[in-house]
Amino acid sequence: MMRDGIDLVVSAILAKHQPGERLIVAVAGPPASGKSTFSEALVAALNAHEDNLACGVPMDGYHLDNRQLDRLGLRARKGAPQTFDFDGFRSQLGRLREPRRPVYFPVFDRGSDLAIAGAGVVLPGTDVIVVEGNYLMLDEEPWSGLATCFDVEIFLRASMACLEERLIRRWLAHGHDPAAAARRAKSNDIPNAELILGKVRDAPGALFLRDDED
């Protein structure tokens, strides 16, 4: 899927691109569907076409801080829809439409499990913003209200068996033993993935791609 999918999406973006105007692209899908890898490859392909044409903005920077999750009793559900600062993220999408000034955004650091304010920037002259996140096409309030924010939408699918295997491997890579890795994946990540795959917003013109390979 990766190479053919990238070429397909690049063509769709370039067909809509108007120099000097911002184009916001959503890359959505369940956890471990390959969103980050796909988004990075997409930005690289666009920048190979034209220098500094594109920049990536992950939604992960809008994770609520662990202190707020503890206050809300949601630490164990980190990554679920209710554990993000939706209003802050929605406001950021509006700011990204401004092409004449730098727009700073928070970046999530997985090593420290913290979002770092102002760690990323979209510079003037960068026309295509690739926004990547789990819930960009979720047909559930308030996320369904993002439908008007994006000019191009891509949804990445994979089978639940593939996602589960990838998610367990992810937790193993973070130092968990096999039992703990399976428990972490099945208690939170898998329910989130099932929600995302089961409630995809109706999005005419969206591109649906599939990746069940490693």
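In this predicted model, I would like to start at A28, which stands opposite F155 in strand β6. That pair belongs to a wider arrangement, in which strand β1, residues 23-28, is joined by 4 bridges to strand β6, residues 152-157, with the two strands running parallel. As a reminder for those who are new to this, strands of a sheet pair through backbone hydrogen bonds, and they can do so either parallel or antiparallel.

If we now step back to the whole sheet, we find 5 strands that form an open sheet in the order β2-β5-β1-β6-β7, and the pairing is parallel. Which strands stand at the edges? They are β2, residues 54-58, and β7, residues 207-210, and each has a single partner strand, so one side of each is left without a neighbour in the sheet. From one strand to the next, the twist averages 20°. Helix α2 lies across β1, β2, β5, β6 and β7, and with respect to β5 this helix runs at about 170°.

Let me place the sheet within the protein, which has 6 helices and 7 strands. Read from the N terminus on, the elements follow the order α-β-α-β-α-α-β-β-β-β-α-α-β. The radius of gyration is 17 Å, close to the 17 Å that the globule rule gives for 214 residues, and therefore the protein is as compact as a globular protein of that length. Taken along the principal axes, the box that the C-alpha atoms fill is roughly 50 × 35 × 30 Å.

Next comes the largest pocket, whose volume is about 970 Å³. Of the 32 residues that line this pocket, D60, R110, R170, W171 and D189 are the closest to its centre. The elements that give two or more residues to the lining are α2 (35-49), β5 (128-133), α5 (160-173) and α6 (178-198), and α6 gives the most, with 5 residues. How do the residues of the lining divide into nonpolar, polar and charged? There are 7 nonpolar, 12 polar and 13 charged residues.

Finally, I would point you to two details of the backbone, both of which are found in loops. In the loop between β5 and β6 we find P142, and a cis peptide bond joins E141 to this proline, with omega at about 0°. In the loop between β1 and α2 sits A32, which has a positive phi of about 75° although this residue is not a glycine.

How values were computed
Residues are numbered from 1 along each chain as its sequence is written. This is a predicted model: local features need pLDDT of at least 70, side-chain atom pairs count only at pLDDT 80 or more; totals for chains, interfaces and linings use all residues. Side-chain values use heavy atoms; hydrogens and water are left out. On a 1 Å grid over the protein atoms alone, a cavity is a set of points where a 1.4 Å probe fits but cannot get out, and a pocket is an open set with protein on both sides within 12 Å along at least five of seven lines; lining residues have an atom within 4 Å of a point. Grid points are joined across faces, edges and corners, and a volume is the space filled by probe spheres set on the points. Ala, Val, Leu, Ile, Met, Phe, Trp, Tyr, Cys and Pro count as nonpolar, Asp, Glu, Lys and Arg as charged, and the others, Gly among them, as polar. Two strands pair if DSSP finds at least two bridges between them. Axes are lines fitted to C-alpha atoms, for helices over the stretch in contact, and angles run from 0 to 180 degrees between N-to-C directions. Contact means heavy atoms within 4.5 Å. The radius of gyration is taken over C-alpha atoms; the globule rule is 2.2 Å times the number of residues to the power 0.38.
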